[in-house]
Amino acid sequence: MSRRAEHLWLAALLLLAFAHGAAYALLVPLWQAPDEPLLFEYAALTAELGRVPDASDRSPALEARILDSLGENDFWRYTIGSPPAHPPRSFAESDALFWMPRQVGGDPPAYFVAAALPLRLLAGWRVTDQARLLRLLNVVLLVLLALCAYGAARELEAGAGRNPAASLGLGAAEQERPGPALAVAVTALVALQPMLAATGAAVGNDGLANLLGAALCWVWLRLLGRGATRRRIALALGLLALGLLTKRTLLPYAPFLTVSAVLALLRWGAAGRRQGAGDRGQETGDRTTVSSPDVSGLRSRVSALSIQFSALALGVAALMAWGASQFDWGTAWGWYWYGGHQPVARVRLAGAHSAALQVRAGQVAVYPLPAVAGDRLRHGTLRFGARVWSDGDAVGRLVVLRDGSQHEIRFDAHHVPARVETSASVYGETRSVALALAADRGTLYAADIWAESGDVPLIANRALELPGLREGALLAQALRYLRLQDVAWALAAGQVGRPLPERWGALLFASFWGHFGWMSVSFVLGSPWAWALGGFCLAGALGLPLALARVPPGRARRQLWALLGVCAAALLLPLIHAYAMPAYQALQQGRYLFPALVPLALLAAAGQRALVPARLQWVWLAAWLVLLGALAASALARVESYY
């Protein structure tokens, strides 16, 4: 195929991607994409404040304008069946009608900072018009994503160097005139994937995250196929940093790109040492004895190892010192003052076996349980107790907070420690649970704090030996970003040992291909598309070992294994999410795989093409395009009929 024809293919696919994304941007009513109202609030609040907001920042006027737009665009009719008799004027009021998770202070800020720029310039526009503009800008990102997919596929085909067709095990006839069939197939899948277009065209950070995932794949394949240069390493790490500041779904790339960068640095260092040894050998000329190069080489290796060991030791020491500086040794792990993230004071009194919380009159110390705890506690009984005392007479309360309600027990505290406890039922619809210790009069001390529900321990660090993290500490932000505390709780509470929600794998597969709106417009489950798409994926998986076997050792094989690694990590992420997040968040999250869509598409296309004889390459491509075209058209028809 000529270069002109190839460019025409690419232009047609990019136009197709734009048309597909624009169709969803126009067809799906505004605010009907998952979390769209609260994602818009994040961007608009960033524009209004001129900085990244935190969870405590609110704008009543902005909330009222967004809620007016929700009413204008029939949000309530689509979600609860009819407009409310008394339209809400704040998100707190709207949560009673239709609960939406707030994104401010939760999601990374990169997309919202970028989206705030046009919103700041167009501050006089109505909220409805601003939101439609953000949708249109995300459609443009979808086109760029398709372009990155094409570049990544061509990079994979070029992985074998001067004979690009050989990198995918093609026949001799096809190797003579390699065409862009693989690139066309991969780009078509990206351009016609229904859920990618639907979520990418909505207001939110998915569009940018998906684009950065595709760009990372392209740059990484180029790095593996053409060699690591400082510019390529810097570009890959820069894209990774921007991706991690956009959405957590870019995490699967982090370990692989970091390892690639470290290996490149080690290779450069080894090459430099070899070059230095060669230069010294040339300088000595004929006067060099037989044993001298060996001694010199040994000294050089010992010196290099000493330098590396010293650098490693210094790095470990610096990391330990930095880690120690992140802790506030006078506070307790997991406890915060009510209404914020400031850790609660921890003291060690004379003669005490362990540390104790110190709560003064008027203060309320809160231990928030992770969101996944709500699933384990629903329809059950929670027991909460502690050993309490005071340096005088004091009055306090043990409190169980459940969403907006609370259950409490009052107690008197004296010099002699006494055990107090309470129990509370957790309702079926409870989403958040927290435990609290309040001091109404005097100063309270509490130790041996415990909470349990059946056989599930709810509080870690009951002896209060672990110190808390400083407010605003980088380590605290990293733990919240990675949600490691939720994962740790799921492990400690035996959550991982429980079965996943019913049909979780089927729902993940179906929501990857088509589960629109607020995850209520199902397209795949219960339809013939489930079998067709299952066979499509199975064909790619069956052909992949054959593609790997045909690839000669070298760059192309490294590229394929790298793609497999990223895809495995991407699949692991929603699995962890399913255990560490509540069921209502864990289900139907196939869109979390979209930053790895290009690697998945590359592996599926390479695997399928390995099963097809070279002379039938274009027949396979035509069948691929027909299937994806029918998929996209059917999904659009399903969405159109729903709305």
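Let me start with the overall fold: the protein chain comes to 23 helices and 14 strands in its secondary structure, and I should say at once that what we are looking at is a predicted model. Of the 643 residues in the chain, 49% count as buried. If we take the contacts between residues at least 6 apart in sequence, 76% of them join residues that are at least 24 apart.

A good illustration of such a contact is Trp529, which is found in helix 19. With a relative accessible area of 16%, Trp529 is buried, because the cut-off for that class is under 20%. Leaving aside residues up to four places away in sequence, Trp529 touches Phe523, Val524, Gly534, Leu627, Ala630, Leu631 and Ser634. For one of these partners, Leu631, the C-alpha atom is separated from that of Trp529 by 8.0 Å, although the two residues are 102 apart along the chain.

Helix 19, spanning 528-550, also brings us to the second largest pocket, since it supplies at least two residues of the lining there, as do helix 18 (504-513), helix 20 (555-580) and helix 22 (597-610). The volume of this pocket is about 530 Å³. Its lining consists of 21 residues, and those that lie nearest the centre are Phe512, Cys537, Leu571, Leu600 and Ala604. What is the division of the lining into nonpolar, polar and charged residues? There are 19 nonpolar residues and two polar ones, with no charged residue in the lining.

Let me turn from that pocket to the charged side chains. Side chains of opposite charge can pair when their charged atoms come close. In this model the count comes to 24 salt bridges, and I will go through a few of them.

The side chains of Asp206 and Arg591 meet in a salt bridge, with 3.0 Å from N to O. This pair links distant parts of the chain, 385 residues apart, with Asp206 in helix 11 (residues 206-226) and Arg591 in the loop between helix 21 (583-586) and helix 22. Are these two residues buried or exposed? Asp206 is buried, and Arg591 is buried as well.

Glu48 and Arg65 form another salt bridge through their side chains, at 3.9 Å from N to O. Glu48 lies in helix 2 (residues 36-49) and Arg65 in helix 3 (residues 60-72), so this pair ties together parts that are 17 residues apart in sequence. Here Glu48 is partly exposed, with a relative accessible area of 41%, and Arg65 also counts as partly exposed, at 41% relative accessibility.

In a third example, Asp129 forms a salt bridge with Arg126, and the closest N and O atoms are 3.3 Å apart. Asp129 is partly exposed at a relative accessible area of 31%, while Arg126 counts as partly exposed at 45%. There is also a network of salt bridges, in which Glu6, Arg154, Glu157 and Arg609 are linked.

My last residue is Thr128, which has its place in helix 7 (residues 127-157). Thr128 counts as buried, with 4% relative accessibility. Not counting residues up to four places away in sequence, Thr128 touches Leu30, Ser69, Glu72 and Asn73. With one of them, Glu72, there is a polar contact between the two side chains, at 3.5 Å.

Conventions
Residues numbered from 1 in each chain as written. Predicted model: local features only at pLDDT ≥ 70, side-chain atom pairs only at ≥ 80, totals over all residues. Heavy atoms only, no water. 1 Å grid on protein atoms, 1.4 Å probe; cavity = no way out; pocket = protein on both sides within 12 Å on 5 of 7 lines; lining within 4 Å. Points joined across faces, edges and corners; volume = space filled by probe spheres on them. Helix = DSSP H or I, 4+ residues; strand = E, 2+ residues; numbered from the N terminus. Nonpolar A, V, L, I, M, F, W, Y, C, P; charged D, E, K, R; others polar. Salt bridge = Lys/Arg side-chain N within 4 Å of Asp/Glu carboxyl O. Buried < 20%, exposed > 50% of the residue type's maximum accessible area, 1.4 Å probe, protein only. Polar contact = N/O pair within 3.5 Å; in protein donor to acceptor, adjacent residues only side chain to side chain. Contact = heavy atoms within 4.5 Å.
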